[in-house]
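Reader: I am new to this structure and would be grateful for a close look at one part of it, namely its enclosed spaces.

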Amino acid sequence: MTTDDVLDGPMAWRRLAIALAVAVIGNVGMWSIVVLMPAIQTEFGADRAAATLPYTVLMIGFGLGNLVIGWLVDRYGLARALICSALCVGVGFVVSALSSGMALLVVAQGLVGFGTAATFGPLIADVSLWFLRRRGIAVSVAACGNYLSGAVWPVLLTGPMGALDWRESSLVLAVVVVALIVPLSVLLRGRVPETSLRRADAASSSRALLTGLSPRALIWLLGCAGIGCCVAMSMPQVHIVALCVDLGFGAVVGGQMLSLMLAGGVVSRLVSGLLADRLGGVRTLLLGSVLQCLALFLYLPAGGLVSLYTVSLVFGLAQGGIVPSYALVVREFLPAREAGQRVGFVMMLTIMGMALGGWMSGWIYDMTGDYQLAFVNGLVWNMLNIAIVVAIFWSARPGRPAQVAA
């Protein structure tokens, strides 16, 4: 089998289809807690900031999992990591269902988050190894699994599974994740041939030589930018259901808005992937960061049912392509053999931004009684993100990462 048969070939596209299915199933751990948060708050009598802690710890576990599991995938392959992670998620959901207090629930959600990470950064990094000319769209499709999961599961949890309480829902999710991901993971055995890796590394090395950034500097700049963009991103994604409950619209409407937002994010990720294959990851990242800032601003005057539905869709369409762009920038400038740990590190910091932003928004709500200043806080962090991405864009400007010759 030649290099051309592997990179961008039929095998690569088959793996991408399987990876997408795994991501849609596996990322349920990230979104279920957002939908179940109001019920958990009511049962345990917690304030908004305390009720957000399970999500915050889940995201911390999710972030650490991206780093640790990404490192393991570089060494032992994707299939083994996915199987172990699915079992980890299953145990976490079972412990959540059996928890008698907030402390145990928080720990269990951290376990869920750690296992869920395998179906995000490490999965995206593995997909990126199998593509060169169409890497942008391939990575974006893999990343869409996270948002498709967010578009599907909130509707299922508030609709067909709405008759179940949050504990019963957790038990059902434990069974679903293990029963579906384990057999799919077996289909993702195998690695990219060495000749294909060398070809991809030659392209990234030529780009890296044209910039003045060291690998360490680039990774840290990307990580700091990721924190800023995701603190901003977390405000609508984490608190839209709670906001709708506060406004009297109910959790079902909030779940629908979250699903609409994430469905818009799927469209945004696909369009961004197509753009990245032409413009390169850095330009696409800058465009997404600016659009997210503009969309987040629209939440400030929104307060009615129609306006919130509309702005939620606009927000999803604006920001969906940001996170995959970080992975693309890493792959455009750094060696393929380090893809898992490098992408995992940047994804870890973006997820830490989500965790920090989710908690900060809840704390600001408790201090002020509404979410207006929480949206303003998100805008400030988003502007920091834009400033960093502009600096990366300027340093990478001598390079031309738009297209790679076949």
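How many cavities of 30 Å³ or more does the structure hold? Please then describe one of them, together with a helix contact.

Author: The model is a predicted one, and the structure holds 6 cavities of 30 Å³ or more. The second largest cavity may serve as the example. About 110 Å³ of space lies within that cavity. Its lining consists of 13 residues, and those closest to the centre are Met 30, Phe 120, Met 233, Val 323 and Met 354. Three helices each give two or more residues to this lining: α8 (135–158), α11 (215–246) and α16 (339–368). Sorted by class, the lining of the second largest cavity comprises 9 nonpolar, 3 polar and 1 charged residues.

The helix contact to be considered is that of α13 with α14. Helix α13 spans residues 281–297 and helix α14 spans residues 305–319; their axes come within 8 Å and cross at roughly 165 degrees. Because angles over 145 degrees count as roughly antiparallel, α13 is roughly antiparallel to α14. The crossing of the two helices is left-handed. On the side of α13, the contact is made by Gly 288, Leu 291, Gln 292, Ala 295 and Leu 296. On the side of α14, the residues in contact are Val 311, Val 314, Phe 315, Ala 318 and Gln 319. Taken by class, the residues of this contact divide into 7 nonpolar and 3 polar, with no charged residue. The lining of the second largest cavity, for its part, includes 1 charged residue.

Note on methods: Residues numbered from 1 in each chain as written. Predicted model: local features only at pLDDT ≥ 70, side-chain atom pairs only at ≥ 80, totals over all residues. Heavy atoms only, no water. Axes fitted to C-alpha atoms, helices over the stretch in contact; angles between N-to-C directions. Helix = DSSP H or I, 4+ residues; strand = E, 2+ residues; numbered from the N terminus. Parallel < 35°, antiparallel > 145°, perpendicular 65-115°, else oblique. Left-handed = near helix turned anticlockwise from the far one by under 90°. Contact = heavy atoms within 4.5 Å. Nonpolar A, V, L, I, M, F, W, Y, C, P; charged D, E, K, R; others polar. 1 Å grid on protein atoms, 1.4 Å probe; cavity = no way out; pocket = protein on both sides within 12 Å on 5 of 7 lines; lining within 4 Å. Points joined across faces, edges and corners; volume = space filled by probe spheres on them.
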